[in-house]
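I opened the coordinates and kept notes as I went. The entries below are in the order of lookup.

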Amino acid sequence: MRCTLWVVTLVVLALITTSPTNAFIDCNDVIGRILECSRFVMNQTNTLSKECCDGVEDLARVSEAASQMDRQLICDCFWRLARFWPFDSDLVRDLPDMCPLKSDFAIDPDADCTQP
Ligand SMILES: *[C@@H]1O[C@H](CO)[C@@H](O)[C@H](O)[C@H]1NC(C)=O
């Protein structure tokens, strides 16, 4: 019960302190979830590991449940990631179809994150 209360408190706190730096999801979460896909998105292998697809599936779930602001943040993470991680955008876009995911989740590292 106390545990539930804590979660509720944290959610409320997260809701009232909505600024990009205090968002519910941060880039580390996003990166952590797709790290297992790194060999695939860098075109070093054409097979996808279960860990990678689980991560993408998880990200899809988080993204679906997320507020528009958090979705924008996820989008922004890919955009920022692209600057120092030499992945191939086409391969990142292929991930949801390749796994394949149960949900229809799209990742586009070249997307304009200012668009809802
Ligand atoms: C991945 O690598 C293969 C072999 O080197 C190449 O033929 C293919 O075009 C590459 N794919 C992408 C999306 O860059």
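**Entry 1: burial and overall make-up**

I started with burial: of the 116 residues in the protein, 19% are buried. I note here that the model is predicted.

I then listed the secondary structure and found six helices and zero strands. Read from the N terminus, the order of elements is α-α-α-α-α-α.

For the contacts with a separation of 6 or more, I looked up how many span a long stretch of sequence. Residues 24 or more positions apart account for 67% of them.

**Entry 2: the buried side of H2**

Which residues of helix H2 are buried? In H2, which covers residues 27-34, I found Val30, Arg33 and Ile34 to be buried. They lie on the same side of H2, because the arc they cover around the axis is only 85°.

I next asked what this side packs against. The partners of the buried residues of H2 are helix H4 (50-65) and helix H5 (68-81). I took the two pairs in turn.

**Entry 3: H2 with H5**

Two packed helices are described by the angle between their axes and the distance between the axes. I used both for this pair.

The axes of H2 and H5 cross at roughly 70° and come within 9 Å. Angles of 65 to 115 degrees count as roughly perpendicular, so H2 and H5 are roughly perpendicular to each other. I recorded the crossing of H2 and H5 as right-handed.

I listed the residues on both sides of this contact. From H2 there are Cys27, Val30 and Ile31, and they meet Ile74, Cys77, Arg80 and Leu81 of H5. Sorted by class, the contact of H2 with H5 has six nonpolar residues, no polar ones and one charged residue.

**Entry 4: H2 with H4**

For H2 and H4, I found axes that come within 7 Å and cross at roughly 145°. On the H2 side the contact is made by Val30, Arg33 and Ile34, and on the H4 side by Gly55, Val56, Asp58 and Leu59. By class, I get four nonpolar, one polar and two charged residues in the contact of H2 with H4.

Val30 is thus a residue I noted in both lists, the one with H5 and the one with H4.

**Entry 5: H6**

I repeated the burial lookup for helix H6 (89-98). Here Val92, Leu95 and Pro96 are buried. Their arc around the axis is only 80°, which puts them on the same side of H6.

What does the face of H6 turned away from its buried side carry? I found the exposed residues Asp90 and Asp97 there. The buried residues of H6, for their part, pack against H3 and H4. H4 therefore appears in my notes as a partner of the buried residues of H2 and of those of H6.

**Entry 6: backbone details**

I looked for unusual backbone geometry last, and kept two items.

The peptide bond from Cys99 to Pro100 is cis, and its omega is near -20°. Pro100 is placed in the segment after H6.

Asn43 has phi near 60°, which is a positive value in a residue other than glycine. I located Asn43 in the loop between helix H3 (38-41) and H4. Is Asn43 buried or exposed? Asn43 counts as exposed, because 12 C-beta neighbours lie inside 10 Å, and the cut-off for exposed is 12 or fewer.

How values were computed. Residues numbered from 1 in each chain as written. Predicted model: local features only at pLDDT ≥ 70, side-chain atom pairs only at ≥ 80, totals over all residues. Buried ≥ 20, exposed ≤ 12 C-beta atoms within 10 Å, placed from the backbone. Helix = DSSP H or I, 4+ residues; strand = E, 2+ residues; numbered from the N terminus. Arc of directions from axis to C-beta. Contact = placed C-beta atoms within 7 Å. Axes fitted to C-alpha atoms, helices over the stretch in contact; angles between N-to-C directions. Parallel < 35°, antiparallel > 145°, perpendicular 65-115°, else oblique. Left-handed = near helix turned anticlockwise from the far one by under 90°. Nonpolar A, V, L, I, M, F, W, Y, C, P; charged D, E, K, R; others polar.
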